[in-house]
Amino acid sequence: QTPILVGGTGLYIDCIVYNYDLQKKEDFVCKYSRDELNKMSIEQLQSLIPKDTLLQLNKSDIKNPIRLIRTIEKGTQSYNKGKPLNFTYYVLNIDQKELEIRIRDRVEKMFDLGLEEENKELLKMGLTYDIQALRSIGYQEFKEYFDEKKTIQDIKNDILTHTLQYAKRQKTWFKRNKDCKYINKPLFSSLKAQ
């Protein structure tokens, strides 16, 4: 049996194929709890990150409290690679214009399938946009809509922008990995046809 691991989150895949030895959370050395970090301003969070690390963040991440908190927490965590598994690491290499079209279509489909209604139902259940689960793309953007600060079209545009930014970060992650083998569009299309 050959297991196939599929995903877009590079760290998740790397943790498995490179056999990372992840320390338990209580072993991490961090001055602040997640709750304390959540209460800090953007400027306070930025001040906790070394300047060289801060300069590596893109324009969006440098103003995003969630990304800043993750960067702070990553700095306190150590990942030790164990003996890697026997694996082949493929990355689907889709043309940027085609990728943008697919993402745009996906965002439209999410709304057609009831993304706005899903957000309303979650709020009726008592959930708030402060919890981690609702900070992901497709949820976090709705806060300003329900606060009557943005239109539904603004929210669509925000989700599209954030998804494109996320796709860019994914590409950057995989470019750093020397083990990646890229499957270009002609091969990908022929595999899909089979």
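## Helix α7 and its salt bridges

At 42% relative accessibility, E121 counts as partly exposed in this predicted model. E121 shares helix α7 with K124, and the two stand 3 residues apart, about one turn of the helix. They form a salt bridge in which the closest N and O atoms are 3.6 Å apart, and K124 is itself exposed, with a relative accessible area of 66%.

A second pair in helix α7 is made up of K120 and E116, which are 4 residues apart, again about one turn of the helix. The closest N and O atoms of this salt bridge are 3.3 Å apart. Here K120 is partly exposed, at a relative accessible area of 35%, whereas E116 counts as buried because its relative accessible area is 15%, and buried means under 20%.

## Other salt bridges

The structure holds 9 salt bridges, and one of them brings together the side chains of K150 and D158, with an N to O distance of 2.7 Å. K150 is partly exposed at 26% relative accessibility, while D158, with a relative accessible area of 18%, is buried. Elsewhere, D61, R67 and R169 are joined into one network by salt bridges that share partners.

Within that network, R169 has its place in helix α9, which covers residues 152–175. The side chains of R169 and D61 are joined by a polar contact of 3.2 Å. When neighbours within four places in sequence are left aside, R169 is in contact with N58, D61 and R67.

## The largest nonpolar core

In soluble globular proteins, nonpolar side chains tend to be buried together. The largest nonpolar core of this model has 15 residues, and those with the most contacts inside it are I103, V107, F111, F142 and I159. Helices α6 (96–112), α7 (115–124) and α9 each supply at least two residues of this core.

F111 is a useful residue to follow here. If residues up to four places away in sequence are not counted, F111 touches F142, I152, I155, K156 and I159.

## Helix α8 and the loop that follows

E144 lies in helix α8 and counts as partly exposed, at 34% relative accessibility. Not counting residues up to four places away in sequence, E144 touches K149 and K150. E144 and I155 are 11 residues apart in sequence, and their C-alpha atoms are 8.2 Å apart in space.

E148 is placed in the loop between α8 (142–146) and α9, where it counts as exposed at 73% relative accessibility. Most residues other than glycine have a negative phi. E148, by contrast, has a positive phi, near 60 degrees.

## Around helix α1

A positive phi, near 55 degrees, is also found at N19, a residue other than glycine. N19 belongs to the loop between α1 and β1 (20–22), and with a relative accessible area of 37% it is partly exposed.

Helix α1 itself covers residues 10–17 and includes I16, which is partly exposed at a relative accessible area of 35%. On the surface, I16 forms a nonpolar patch with L5, Y12 and L85, and together these residues have about 350 Å² of accessible area.

Note on methods: Residues are numbered from 1 along each chain as its sequence is written. This is a predicted model: local features need pLDDT of at least 70, side-chain atom pairs count only at pLDDT 80 or more; totals for chains, interfaces and linings use all residues. Side-chain values use heavy atoms; hydrogens and water are left out. Patches are made of residues with over 30% relative accessible area and no salt bridge: like charges are joined within 9 Å, nonpolar side chains (Val, Leu, Ile, Met, Phe, Trp, Tyr) within 5 Å. Accessible areas come from the Shrake-Rupley method with a 1.4 Å probe; for residues, only the protein chains shown count as cover. A salt bridge is a side-chain nitrogen of Lys or Arg within 4 Å of a carboxyl oxygen of Asp or Glu. Buried means under 20% relative accessible area, exposed over 50%, partly exposed in between (1.4 Å probe, protein chains only). A polar contact is a pair of N or O atoms within 3.5 Å; within protein, one must be able to donate a hydrogen and the other to accept it, and residues adjacent in sequence count only if both atoms are side-chain atoms. Contact means heavy atoms within 4.5 Å. A nonpolar core is a set of buried Ala, Val, Leu, Ile, Met, Phe, Trp, Tyr and Cys residues joined through side-chain atoms within 4.5 Å.
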